[in-house]
Each structure stands twice: as structure tokens, then as C-alpha cells.
Amino acid sequence: MGGDLASFTGGRAEFDVAATTVRELIRELEQRYPGAGDYVARRMAVAIDGEIHQDADAAPIGGAREICLIPKIGGG
Amino acid sequence: MSDVLDRPDAKAGFATVGTRPVRPDGVDKVTGRAAFGADFAMPGQLTGRVKRSPHAHARIVSIDARKALALPGVKAVVTGADFPDLASEIVEGGEAASNMRDMAVNVIARDKVLYEGHAVAAVAAVSAAIAEEALDLIEVKYEPLAHVIDVEAAMASSAPVLHDHIFTDGVDPKPTLPSNIAKRHQFARGDVEAALAAAEVRVEGRYTTKAVHQGYIEPHACVASMSADGQAQIWSSSQGHFMVRAYSAKILGLDISDIRVTPAEIGGGFGGKTVIYLEPLALALSRQAGAPVKMVMSRDEVFRATGPTSGGVIHVRLGATRDGKITAADVELKYQAGAFPGSPVGAACMTALACYDIADFRIVGWDVVTNSPKVAAYRAPGAPATAFGVECAVDELAKKLGVDPIELRIKNGARDGVKAAYGPTFQNIGYIETLEAVKTHPHYALKLGPNQGRGIAAGFWFNVGGESTAACHIGEDGTATVVTGNPDIGGSRASMAIMAAEVLGIPVDNVRPVIADTASIGYSMLTGGSRTTFATGMAVVRAAEKVVGELKRRAAGVWSVPEDQVAWEGGRAVCLDPAKGDVKPLTLKGLAGMSARTGGPISAEVSLNAQGAGPGFGVHLCDVEIDPETGHVKVLRYLVAQDVGRAIHPSYVEGQMQGGAAQGVGWALNEEYVFDADGKMENAGFLDYRVPVASDLPMIDTVMIEVPNPRHPFGAKGVGEVPIVPPLAAVAIAVSEAVGVRMKDLPLSPPKIRAVLDAKAG
């Protein structure tokens with residue numbers, strides 16, 4: 001997990017979670033760290049095995065090797 | 001010279017993708033027929049003008065508009081009091097998150113002005129002369145306040161504080177006093193201090209850049225009209241008319257469905273037109289006056305009141321082994337945000353080390369408010385300045401190690417399977433191929449002469465996807481119209497036509513791409529983030545595929561065969577059912593001609609949210625020559641190599657690569673906001689703010705490396721932002737080599753070069 005999430009998780013950057021979709025991941029995150037799930041849903045992108053999803057609630061992650069939460073990216 | 005290099009597995013036998021047809025909007029643009037923002041007019045329209053702050057920082061004591069309103073011909077005057085006060089709310093409606101409260105106060109000041117040029121009132125009158133006379137009649141009493149523009153000065157505890165509500169985010173414990181430091185960002189892995197201490201070779205440098213403007217040729221312009229029933233229309237030049245609609249609705253407290261926005265042609269944006277300035281003012285004036293209002297900024301206003309990108313300080317420490325493995329990197333970035341929080345320092349942190357595979361690193365970024373115009377996005381926001389510092393440091397490391405700078409980058413470069421400093425593991429990237437292409441290019445073998453220098457630098461940008469809508473309509477004669485909601489700022493219409501033609505199997509000249517208004521096509525995010533050819537292109541492909549599916553269904557009906565017995569080949573439906581014998585194929589034109597009998601008009605609209613945009617890498621090679629007498633820098637040769645995914649229209653990909661390099665050369669050599677002691681900009685015009693012109697530049701050579709993105713139907717990646725990332729460093733490294741001194745402060749203008757040469761001469 002990158003960016004501002006550390007302020008919700010007390011500095012913890014990695015954790016294991018049982019989830020098959022990003023939506024489940026966000027729900028689980030919110031339960032463990034109140035506010036973190038909502039923040040992820042609004043402000044974070046999800047990289048699934050290196051592929052960045054800016055909005056990915058329904059994206060399957062069951063078989064993923066790596067999930068990275070990173071700040072949403074804009075551009076010019 | 002232009003080259004295209006494919007990976008061996010990248011060939012794909014396209015009919016239209018990769019060709020170079022004339023752009024559909026080209027004739028109108030070169031003949032002056034194209035209608036830009038300032039070209040719109042309505043019967044009975046009024047002229048709007050803005051009264052702007054003469055102070056860099058001041059409290060507004062009072063605004064008295066009575067004399068202006070009494071002037072014959074003046075139809076409306078608005079101030080901050082005519083707009084609702086918005087709560088702090090982060091909205092994702094545009095390219096990046098924006099705080100609507102800040103944007104509203106940036107459009108028109110409330111209790112304070114925060115930079116010279118900040119809007120305090122707006123007037124609508126029957127003529128420009130009367131509107132300008134009225135501005136002088138608006139009496140504004142100010143209480144001037146101390147100001148601060150330099151980023152490090154603004155971070156000091158003694159600095160004048162712009163906002164009482166800013167308590168630095170991202171630090172623990174959270175401060176109890178307000179400051180100008182809006183946020184601290186950090187990305188880190190491992191133990192950087194231990195790794196630096198253990199490194200056999202170290203380099204360290206402090207680099208600085210100044211605020212620079214995107215420098216689009218077309219000023220901001222709009223016409224707005226609000227009816228008595230509250231229905232509004234806007235015609236304006238922007239990077240996204242859906243963005244204009246959403247932000248205008250928020251700032252005025254309207255429903256989105258009450259506003260219809262029609263896009264004009266855009267004369268450049270480069271990120272600077274991803275926010276709004278005039279539209280809410282024009283709407284408010286129109287509402288008050290009961291007539292359409294046209295507003296066009298002057299160049300002076302564009303410089304003083306619209307967003308440049310940040311100036312900043314970039315501090316870099318690198319550690320390496322003697323055999324050239326970079327083991328540690330510590331990067332600190334301090335970026336000006338302008339009057340409100342939101343510099344691109346977060347993205348700058350994420351891109352800072354993206355080109356490298358480094359075990360231990362720490363990247364810290366500071367977002368700092370200053371009494372200057374609120375920064376706006378500018379092509380790969382945040383990345384060019386941080387690349388300037390990091391790439392110069394890498395060059396210094398190469399020199400210290402005595403190794404070729406390209407070899408050092410290849411040894412330490414990002415490749416598939418490397419975990420990026422910002423988190424994810426890279427897949428399908430072509431950075432190493434890009435470095436190899438420059439290494440083997442004839443340019444790299446050329447010998448340099450006296451007073452000449454060569455610079456190499458790399459750059460990275462993420463590219464994004466996002467929400468897009470496209471429609472594909474088949475005309476009765478078998479030609480096609482492709483409709484999208486993205487303003488064309490870089491040749492995207494041509495790309496859309498090519499992709500539709502590829503799917504439909506018809507000549508690209510038979511496809512007319514159209515950009516529709518907000519009421520005529522589904523939502524699309526704005527044109528930015530290098531997303532349009534990837535994301536909107538994906539929507540175009542899917543819409544064309546749906547049309548092909550419908551054409552096959554209708555052909556199946558004509559032939560009375562199952563749909564799976566029909567193939568679409570070369571723009572024709574072909575019957576596969578052997579029981580039907582030798583059935584003549586049905587062309588698109590033939591099927592279109594019988595559409596009424598087979599089910600009605602043939603068209604499809606697709607909305608999607610494109611994910612999986614592939615990141616891009618670029619490597620630039622620049623040769624310069626210094627005139628020791630004047631300090632002038634002449635760019636002798638320039639080469640851009642870039643991983644472009646699949647070049648849908650190679651000419652416009654090359655154009656992006658060349659344009660980014662040209663802008664970056666200007667940033668490196670001449671461009672800067674110059675403020676006087678009172679915080680007023682001293683060079684708000686193109687005579688004194690010098691962008692490069694054609695005679696300043698050589699032909700910029702390009703090499704396109706095609707490493708397709710598997711998430712796009714044709715392999716497209718974004719290409720528009722990567723090429724502005726490396727030039728600042730490439731030019732600065734070349735100049736440093738030519739003068740024999742590491743140049744760390746941009747721009748490298750003649751007085752700065754002369755000062756260095758004079759110091760060397762003693």
C-alpha cells in the first residue's frame with residue numbers, strides 16, 4: 001500500500017487479506033482500518049499484477065500474485 | 001529521421017492501423033476555417049471582462065460596484081458574493097482530484113486575494129471598451145499582506161501564512177499551527193541511510209526549477225448563455241467539455257443536466273485546460289444580464305491568472321557499487337502549488353525513480369502553497385522537474401564511475417518483473433529497448449566539437465485509462481461516423497477514424513470522426529493523462545465491433561443462415577454456410593442500403609471504463625553548442641526514442657514526441673516566471689517569456705519502439721506526456737558538458753551561462 005494509506009493503518013504497508021474482488025478487498029480494509037476502505041474507493045488506484053486499474057470495484061483478484069494500492073494518477 | 005522498431009512478436013498485419021492518412025481536421029486548421037473558443041458568437045452577446053488583483057496577497061476590505069453598474073452599457077457585475085460558498089470537497093470529475101472550494105475561490109476571490117491577477121469582480125457590457133471602463137469604476141479596498149513565492153521561503157516557520165485552515169497532512173503528529181506546507185508525501189523501501197552509508201560511490205546535488213507555463217497559443221475563451229428558466233449553454237475551448245459542465249455546475253450550484261457544453265477546437269492545452277476559470281463567471285454574468293456573455297482572456301491574463309506548473313527544489317543523493325549497481329537513492333522534492341494546495345509533487349514522487357531498479361530508496365515530496373497562480377496540470381505533471389534532478393545525478397554518477405551513461409542505465413534500468421518504486425511490478429514495458437535504440441543510433445556515434453556537449457536522459461509516465469463513450473453510426477451509403485466526447489488536442493480524431501476503419505474493414509476516408517457536445521454523447525473524462533487514444537479508442541473499437549456484429553446478424557437474416565455462419569472480412573459479410581453454395585458477399589454499402597428492410601438504422605454506442613493503461617518510457621539524446629561570448633545555447637541535434645505501444649497513426653505519435661521535446665527544451669533553456677519584489681509577474685507576454693520557435697530547434701529525430709499493450713485491442717499506449725519528461729535533464733547535461741560545470745538551476749538562459757563562464761575565467 002502506498003501514499004496516504006499509512007495514516008489509516010498506523011504505518012503498516014503490507015497485509016494478507018482473503019478477497020476475490022477489489023470490492024471485497026475495500027470492505028475488508030474498511031473493517032480493519034476504519035476510513036481506509038472509503039479512502040481507497042475514492043482516491044486510490046489498484047494495481048493487479050502490475051496492471052493499474054483506476055476504478056476496479058468488480059475486478060477479480062482471486063488469482064492475483066500482487067495487489068498494490070497506489071494514489072490515483074492524473075495527467076496533463 | 002524517423003524509425004519504428006518492433007519487438008519480433010509485435011507484427012500484426014493491420015490494414016489501417018499504423019498508416020499515415022491526412023488528419024480529418026487538418027484542412028480546416030491550416031485554412032483558418034476551424035472554430036476555436038474565441039470564434040463563437042451569439043446574437044445580442046455581451047462582452048465580459050475581469051477585474052484582477054494588483055496585489056500578491058491582500059485582504060479584501062470592500063468592493064463597491066455601484067459606479068460601474070451606473071455606467072451606460074453595463075449590464076451586469078458579479079463578485080464573490082454572487083457565488084455560493086462551497087464546502088471542502090474533493091471531486092474526481094476531471095483528470096485528477098480537485099477541491100471544489102478552492103477551485104471556486106480561484107475562479108473569483110472571496111475575503112482575500114492570493115496572487116497578482118486573482119479575479120475579484122467581472123463585468124458584462126455592450127462593448128469591450130465599456131466593460132474595461134467599468135472595471136476601472138469598481139472600487140476595491142485592500143489591506144495588503146506580506147507575500148511569499150519562493151518554495152523554501154514559504155516552508156519557513158516565519159513565512160506569511162496563506163490559509164489558516166492548512167495543517168500539514170502526512171506528518172505525525174499533525175501540526176497544531178497552520179502553515180503553507182499542505183502535505184508531505186513519502187514512498188520508501190528498505191533502509192536508505194544504511195544503503196547510502198555502505199555505498200562505494202556517492203553523488204549528491206540540489207537542483208532547482210522555476211514555474212513555467214504550458215504556453216498554449218489559444219487563450220481561454222468561452223461564450224455562455226443562461227435562459228430565464230435556468231437552462232444554460234456554454235461554448236468553450238477546453239480539454240474536456242464534460243469537465244467544464246461538472247465544475248461549472250458545482251461552482252454555481254446548478255444541476256449538471258441544466259448545462260449543455262459544446263466544445264470548440266482547442267489551440268493547445270498541455271494540461272492547462274483541465275480546469276476552468278471563465279465559464280462560471282460568464283454564466284453568472286449571463287444570468288444577471290439576461291443575455292449571452294463572451295469572455296476571452298488576454299495573453300497577460302493567461303500568464304497572471306491561469307495555472308503554470310510548479311517551480312521546485314529537487315535534492316538527490318545516490319549510492320552505488322564501484323561496478324555500477326545503484327544501491328540507494330534519496331530524493332526530496334519541494335514543489336510550489338500556487339495559491340491553493342495541489343502541486344503535482346505526489347506524481348513527481350511516484351515517477352522519480354520509476355526508470356530504475358533500486359533496492360533501498362526514500363522519496364519525500366512537499367506540497368507548498370505560495371502567492372502565485374494555482375498550478376495546473378502540465379504534461380506529465382511533476383515528472384519533468386524531478387527527472388531533471390534524478391537524471392543529472394545519474395549522469396554525475398556515470399562520470400564518477402567512468403562508465404557510459406546509457407550502459408549505466410541499462411544495468412540499473414526498469415524491465416518486466418521489476419517492482420516499481422511506486423509499487424506495482426512492471427509488465428510489457430520497453431525501457432531497455434529504448435536505451436538500446438539510442439545507443440545504436442548514428443547520432444550517438446557522432447563526434448563533438450569545441451564548446452559542444454551531449455546529454456542523455458530518461459523519463460517515465462504512467463498513462464491512464466478511464467471513462468469514455470463512443471458511438472459508431474453507419475450512413476445509408478455505407479460510410480461511417482464515429483462520435484466521441486473528447487476534444488482533439490493531438491490528432492486523436494485521426495486515431496479514432498483509423499481504429500474504426502480497421503474494425504469495419506473500410507477505407508479510413510469513409511470514416512468521419514466527430515466530437516459531440518455533452519447532450520449528444522455519453523460521458524467521457526477529459527482529454528489528458530495520455531488517455532484518449534487508449535481509452536476512448538477502446539470505446540471506438542468496441543462500438544465498431546458492435547456494428548460489425550449487427551451487420552453480420554443482418555446478413556445472416558438476408559441469407560437465412562445462423563449468425564455464426566457469417567464472417568466479416570475486408571468490409572464485407574461473407575457466408576460460410578456451404579449449404580448455401582456460392583453466395584455473393586454483402587458489402588457494408590449494400591447492407592447499409594437495405595437497413596430499413598433489415599431492422600432500421602445501424603449504429604452502436606459503447607461506454608466503458610478502460611483499465612490497464614500501459615506505462616511509457618522515453619530516452620532523449622541532445623547535442624548543444626555554447627557561444628562563449630553571449631552565453632547562447634544552440635541545440636545542434638536532438639533524438640527522441642520512446643516505447644509507444646502500438647503507433648495507431650505514426651505521424652501524430654512522432655508529433656507528440658517532437659512537441660514534448662520542443663516544450664522541454666524551452667523549459668530547460670529560457671522559460672520562467674519572473675516576479676518583482678512585490679510579487680508581480682514581470683514577463684507576462686511572449687516577448688519576455690520566451691518559448692522556443694522553429695528557428696531555435698533542429699529537426700527532432702524520433703525512434704518509436706513498439707511494445708504493444710495487451711489491454712488495448714491494437715496495443716496502444718499513451719504517448720503524449722512521456723516526451724516532456726527527459727528534455728530538461730538531457731539539455732542541462734549537454735550544457736554542463738559544454739561549459740565544464742554541472743548546471744543545476746533552470747532555466748539555462750544566456751546570463752546564467754555567461755556568469756558560469758566568467759567565474760571559470762576568474
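**View 1. β21(B) and β22(B) side by side, in a parallel pairing.** In this predicted model, strand β21 of chain B and strand β22 (residues 511-515) of chain B are held in register by five bridges, and the two run parallel. To find a spot along the pair, look for T481(B): its bridge partner in β22(B) is R512(B). Between these two strands comes helix α15 (residues 492-504) of chain B, and together β21(B), α15(B) and β22(B) make a right-handed β-α-β unit. There isn't much of β21(B) left in the open, either: of the five residues in this strand (480-484), four are buried, so call it mostly covered because a residue counts as buried with 20 or more other C-beta atoms within 10 Å of its own.

**View 2. The hairpin of β20(B) and β21(B).** Strand β21(B) also pairs with strand β20 (residues 466-474) of chain B, this time antiparallel, again over five bridges. I474(B) is a handy marker here, with A480(B) as its bridge partner in β21(B). Five residues sit between the two strands of the hairpin. One of the turn residues to look at is G478(B), whose phi is positive, at about 90°.

**View 3. An open five-stranded sheet in chain B.** Read across the sheet and the strand order is β10-β18-β17-β16-β11, with mixed pairing. The edges belong to β10 (181-189) and β11 (201-209) of chain B; each has a single partner strand, so one side of each has no neighbour in the sheet. Neighbouring strands here are turned against each other by 10° on average, if you ignore direction.

**View 4. The β11(B) edge, with a helix lying across.** Zoom in on β11(B) and you'll see it paired with strand β16 (residues 312-320) of chain B, antiparallel, through nine bridges. T209(B) faces G312(B) of β16(B) in this pairing. Helix α11 (residues 383-401) of chain B then lies across β11(B), β16(B) and β17 (326-338) of chain B. Relative to β11(B), this helix runs at about 150°.

**View 5. K411(B) and what it touches.** This lysine lies in helix α12 (residues 405-412) of chain B. K411(B) has 16 C-beta neighbours inside 10 Å, so it counts as partly exposed. Leave out residues up to four places away in sequence, and K411(B) touches G324(B) and K325(B). Don't expect K51(B) in the frame: K411(B) and K51(B) are 360 residues apart in sequence, and their C-alpha atoms are 56 Å apart in space.

**View 6. Where domain 1 and domain 2 of chain B meet.** Domain 1 covers 10-34 + 465-610, while domain 2 covers 382-463 + 614-761. Their centres, taken over C-alpha atoms, are separated by 37 Å. The contact draws on 18 residues of domain 1 and 23 residues of domain 2. On the domain 1 side, α15(B) and α16 (532-559) of chain B each supply at least two residues. The biggest giver on that side is α16(B), with five residues.

**View 7. Stepping back to chain B as a whole.** Count up the secondary structure and you get 21 helices and 29 strands. The C-alpha trace spans about 90 × 75 × 50 Å along its principal axes. Chain B has a radius of gyration of 27 Å, which agrees with the value near 27 Å for a compact globule of 762 residues. Buried residues come to 58% of the 762 in the chain. Of the contacts between residues at least 6 apart in sequence, 80% join residues at least 24 apart.

**View 8. Chain A, with three helices and three strands.** Starting from the N terminus, the elements go α-α-α-β-β-β. Chain A has a radius of gyration of 11 Å, close to the 11 Å that the globule rule gives for 76 residues, so it is as compact as a globular protein of that length. Its C-alpha trace spans about 35 × 25 × 15 Å along the principal axes. Of the 76 residues in chain A, 43% are buried. Among contacts in chain A between residues at least 6 apart in sequence, 55% link residues at least 24 apart.

Technical notes: Residues numbered from 1 in each chain as written. Chains lettered and ligands numbered in written order. Predicted model: local features only at pLDDT ≥ 70, side-chain atom pairs only at ≥ 80, totals over all residues. Pairing = 2+ DSSP bridges. Axes fitted to C-alpha atoms, helices over the stretch in contact; angles between N-to-C directions. Contact = placed C-beta atoms within 7 Å. Buried ≥ 20, exposed ≤ 12 C-beta atoms within 10 Å, placed from the backbone. Right-handed = clockwise from strand over helix to strand, strands pointing away. Rg over C-alpha atoms; globule rule 2.2 N^0.38 Å. Domains from an automatic or database assignment.
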